[in-house]
Amino acid sequence: MKGKIIITAFLLITILQTSTSLTIPDADAPMSLDIEEDIYRKLEDQDLFREGKTKIALVSDVHHYAPSLYDPASPGFQEFSQNNEGRTVLYTTEMMNILKTDLLSRGITTLLISGDLSVLGARETHEDMALILEGFESSGIEVFITPGNHDINNPRAFRIIGAGTERVESVDPQEFRDIYEDFGFNEAVLTDPGGLSYLARLETGLYLLSLDSCSYERNEDRGYSVSGGFFRPGQYDFAGKAIDLAQKGGGKVIVMTHHNFLEHYEIDHDLTNFMINDEKRMLNLLMDRGVKIALSGHIHKSDIKRHERGSDSFYGIATGSLQIYPHSYRLIGRDSNELLVSTADLKENMIRDGHRDILNYNRNIGLSRSFSKRYESLLKDTPEAEARLMAEYFYLVNLYAQQGLEASLPDSVLHSGGLELLEASGGRMSGFARSLPLDSYPDDRNARIPW
């Protein structure tokens, strides 16, 4: 398949069927429109994480939906699984178990989750996720979390009944804390009296500053959960005190938020929904105290950005959604002078361990949404051959960019003619298609970051 952008008639039929049915596709179905296999083999040789003494994993955007809230055979769930919120929720419990097995095989002792533990913020979902995380801790993996924009005061919390839905309870900030008290809050050496931020010691000399960046107070009035990030006035004082406390004994601090301090898409579009309001104020506070690293999620993209202020550097490390094919997460090791960042994909392990059905299901859901529906839409005004080139280009470039592999895009993709057709069509899609292959950091999957 190297160097080709081919989708067979069989796969196209399979994808289009997936958009109206949740039947798991044949495990032997062709896997075109994918990241080239030899790239994964090369990535194995770049695992910096193994050099570090500390063994930490960063996961984000799990988007769990408690199985008790839906029947997967119901028409309502089939429709839900095709929209942005409902994609890949069918196997979240299984994916967390697959993750746990993978972390244990790597000797991981700490798991950080940077928000969106749930997809709709239902209390029942959070309670179920807390039970799953208890399984990690009973296996020897300590878990620390921060909330995401889906998790608290979500007015769209519902259960699916037949073809319809029924409203269920979400959680307020205190209820969220109570449910997840054993995953960072009880371990905290300092907590923010005005919210859900906390400082916790991960190990001797290393602290996690978890900053709640979510705006959820007015979700009910708006009728939706606010996507953009937000720091409350008191969080600035809390962050300063927390860092001072950690550094008093010579400790180093890693910050974790759901939203991003730095822009991880190099596009000329409004990125407000990805960012934290007034992010430069907190960024300057962190840099003034020598903090160099912030971990985040939210954008479903493995990306590293560096911000320079004089001779000082600050690194934003974003990670993709665990639930989106090929199921990426971050590996973090450290020694006295460097933080060593690598990236893992669960794809190969899932095939090896007999989970190809889950892998194919999640991949085909993504193809249905991101390729087939775009292709069908383009067909309304565009000849078939051109519509396919445009849809293929946009899908592949986005897939590579989400995994931090912009630099590995094959020339056959970049020079397929799809970009030129998209640019001629104008609109938002052409801007993303042009900008996604661009990146200012040399390797978004691996980095040696000096402390």
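Which two strands form a hairpin with two residues between them, and which glycine in the turn has a positive phi? The answer is strand 11 and strand 12, and the glycine is Gly 310, whose phi is about 65°. Before I go further, let me say that what we are looking at is a predicted model, and everything that follows should be heard with that in mind.

Let me stay with this hairpin for a moment. Strand 11 and strand 12 run antiparallel and are joined by seven bridges, and within that pairing His 307 stands opposite Phe 314, the latter in strand 12. Strand 12 also pairs with strand 10, here in the parallel sense and over four bridges, with Ile 293 standing opposite Tyr 315 of strand 12. As for its surroundings, strand 12 is largely enclosed by the rest of the structure, because six of its seven residues are buried.

From the strands I move to the loops that connect them, where the backbone has some features that deserve a careful look. In the loop between strand 10, residues 293-296, and strand 11, residues 303-309, we find His 298, which has a positive phi of about 75° although it is not a glycine. His 298 has a relative accessible area of 10%, and it is therefore counted as buried. Another residue with a positive phi, and again not a glycine, is Asn 153, where the value is near 50°. Asn 153 belongs to the loop between strand 3, residues 142-146, and strand 4, residues 158-161, and with a relative accessible area of 23% Asn 153 is partly exposed.

On the other side of strand 12, in the loop that leads from that strand, residues 312-318, to strand 13, residues 328-334, sits Pro 326. The peptide bond joining Tyr 325 and Pro 326 is cis, with omega about 5°.

Now to the charged side chains. Side chains of opposite charge can pair when their charged atoms come close. In this model there are 21 salt bridges, and I will go through a few of them.

Let me take Asp 34 and Arg 363, whose side chains meet in a salt bridge at 3.6 Å, N to O. This pair links distant parts of the chain, since Asp 34 lies in the loop between helix 1, residues 9-18, and helix 2, residues 37-43, while Arg 363 lies in helix 12, and the two are 329 residues apart. Both partners, Asp 34 and Arg 363, are buried.

A further salt bridge brings together the side chains of Glu 37 and Lys 347, at 2.8 Å, N to O. Because Glu 37 lies in helix 2 and Lys 347 in helix 11, residues 347-352, this pair ties together parts that are 310 residues apart in sequence. Are the two partners buried or partly exposed? Glu 37 counts as partly exposed, because its relative accessibility is 32%, whereas Lys 347, at 1% relative accessibility, counts as buried.

There is also a salt bridge between Glu 384 and Arg 388, with the closest N and O atoms 3.9 Å apart. Why are these two residues separated by about one helical turn? The reason is that Glu 384 and Arg 388 are four residues apart in helix 13, residues 384-402. Arg 388 is partly exposed, with a relative accessible area of 23%. Returning to the pairs that I described before this one, Asp 34, Glu 37, Lys 347 and Arg 363 are joined into one network by salt bridges that share partners.

Helix 12, which holds Arg 363, spans residues 356-379 and also includes Tyr 375. Tyr 375 counts as buried, because its relative accessibility is 5%. Between Tyr 375 and Ala 391 there are 5.3 Å in space, C-alpha to C-alpha, although 16 residues separate them in sequence.

Finally, let me turn to the surface. Which residues gather there in a patch of negative charge? They are Glu 134, Asp 178, Glu 181 and Asp 182. One of these, Glu 181, is found in helix 7, residues 181-185, and with a relative accessible area of 31% Glu 181 is partly exposed. That value matters for the grouping, because a residue is taken into a patch when its relative accessible area is over 30% and it has no salt bridge.

Technical notes. Residues numbered from 1 in each chain as written. Predicted model: local features only at pLDDT ≥ 70, side-chain atom pairs only at ≥ 80, totals over all residues. Heavy atoms only, no water. Patch = residues over 30% accessible without salt bridge, like charges linked within 9 Å, V, L, I, M, F, W, Y side chains within 5 Å. Areas by Shrake-Rupley, 256 points an atom, 1.4 Å probe, with all protein chains shown as cover. Salt bridge = Lys/Arg side-chain N within 4 Å of Asp/Glu carboxyl O. Lys, Arg positive; Asp, Glu negative; His and termini not counted. Charge placed at Lys NZ, Arg CZ, Asp CG, Glu CD. Buried < 20%, exposed > 50% of the residue type's maximum accessible area, 1.4 Å probe, protein only. Pairing = 2+ DSSP bridges.
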